[in-house]
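This report introduces one protein structure to a reader who has not met it before. The sequence and the model are shown first, and the description follows.

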Amino acid sequence: PSAPVDLYDGNKCLDEEEEFEGLCYRKCALLTNGTFELRTSAWTCCHAASIDNCFVRNQHKDFGFCSGFDVAGDGKSCPHAPGK
């Protein structure tokens, strides 16, 4: 990513990214237009108030390697380590 990371916002990833399992992914809210805002895996996003309420019925999946929901903030490259 070419944009600098804001080290003071509590997020180690870019503003359009979220950290999940040690990598920075494009935010599910951005990938799904706010419909499925919680990331539950590299390939799934959930529509629920909390992660505890995520089940098969309220998750959206888009499988791919460095595609679909498995992308960095730019929407086309692979997820990356925080701060990179």
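## Overall composition

Of the 84 residues in the protein, 33% are buried. The model is a predicted one. About 5,300 Å² of the protein is exposed, and 56% of this area is supplied by carbon and sulfur atoms.

The secondary structure consists of one helix and five strands. Followed along the sequence, these elements give the pattern β-β-α-β-β-β. Among the contacts between residues at least 6 apart in sequence, 31% join residues at least 24 apart.

## The hairpin of S1 and S2

Strand S1 covers residues 17-20 and strand S2 covers residues 23-26; the two pair in the antiparallel sense over four bridges. One of the paired positions is Glu17, whose bridge partner in S2 is Arg26. Strands of a sheet pair through backbone hydrogen bonds, in either a parallel or an antiparallel manner.

Two residues lie between the strands of this hairpin. Glu21 is in the loop between S1 and S2, and its phi is near 50°, a positive value in a residue other than glycine. Most residues other than glycine have a negative phi. Glu21 counts as exposed because its relative accessible area is 68%, over the 50% cut-off.

## The loop between H1 and S3

Helix H1 spans 28-31, and Thr32 is placed in the loop between this helix and S3. Thr32 is buried because its relative accessible area of 10% is under 20%. The side chain of Thr32 reaches the backbone nitrogen of Phe36 at 2.9 Å. Apart from its neighbours within four places in sequence, Thr32 is in contact with Glu37, Cys45, His60 and Phe69.

Asn33 also lies in the loop between H1 and S3. Its relative accessibility is 74%, so Asn33 counts as exposed. Phi of Asn33 is near 55°, a positive value in a residue other than glycine.

## The three-stranded sheet

Three strands form an open sheet in the order S3-S4-S5, with antiparallel pairing. Strand S3 (38-39) and strand S5 (59-61) are the edge strands, each pairing on one side only. Strand S4 (residues 44-46) runs antiparallel to S5 and is joined to it by three bridges. Cys45 has His60 in S5 as its bridge partner.

Which residues does Thr44 contact, leaving aside its neighbours within four places in sequence? They are Cys28, Leu38, Arg39, Gln59, His60, Lys61 and Phe69. Thr44 belongs to strand S4, and it counts as buried because its relative accessibility is 13%. The side chain of Thr44 makes a polar contact of 2.6 Å with the side chain of Thr40. A polar contact of 3.4 Å also links the side chains of Thr44 and Gln59. Thr44 and Gln59 are 15 residues apart along the chain, and their C-alpha atoms are separated by 6.4 Å.

## Disulfides

The structure holds four disulfides. When the bonded cysteines are numbered in sequence order, the pairing is 1-2, 3-4, 5-6, 7-8. One of the disulfides joins Cys13 to Cys24, with an S to S distance of 1.9 Å. This pair links distant parts of the chain, eleven residues apart: Cys13 is in the segment before S1 and Cys24 is in strand S2. The link of Cys13 and Cys24 is left-handed, with -75° about the S-S bond, and both cysteines are buried.

Another disulfide is formed by Cys46 and Cys54, whose sulfur atoms are 2.1 Å apart. The link of Cys46 and Cys54 is left-handed, with -105° about the S-S bond. Cys46 counts as buried at 0% relative accessibility, and Cys54 is buried with a relative accessible area of 13%. A disulfide also joins Cys66 to Cys78, with an S to S distance of 1.7 Å. Cys66 and Cys78 each lie in the segment after S5, so this pair ties together parts that are twelve residues apart in sequence. The link of Cys66 and Cys78 is right-handed, with 100° about the S-S bond. Cys66 is buried, with a relative accessible area of 15%, whereas Cys78 is partly exposed at 37%.

Key:
Residues are numbered from 1 along each chain as its sequence is written. This is a predicted model: local features need pLDDT of at least 70, side-chain atom pairs count only at pLDDT 80 or more; totals for chains, interfaces and linings use all residues. Side-chain values use heavy atoms; hydrogens and water are left out. Two strands pair if DSSP finds at least two bridges between them. Buried means under 20% relative accessible area, exposed over 50%, partly exposed in between (1.4 Å probe, protein chains only). Contact means heavy atoms within 4.5 Å. A polar contact is a pair of N or O atoms within 3.5 Å; within protein, one must be able to donate a hydrogen and the other to accept it, and residues adjacent in sequence count only if both atoms are side-chain atoms. Accessible areas come from the Shrake-Rupley method with a 1.4 Å probe; for residues, only the protein chains shown count as cover. A disulfide is a pair of cysteine sulfur atoms within 2.5 Å.
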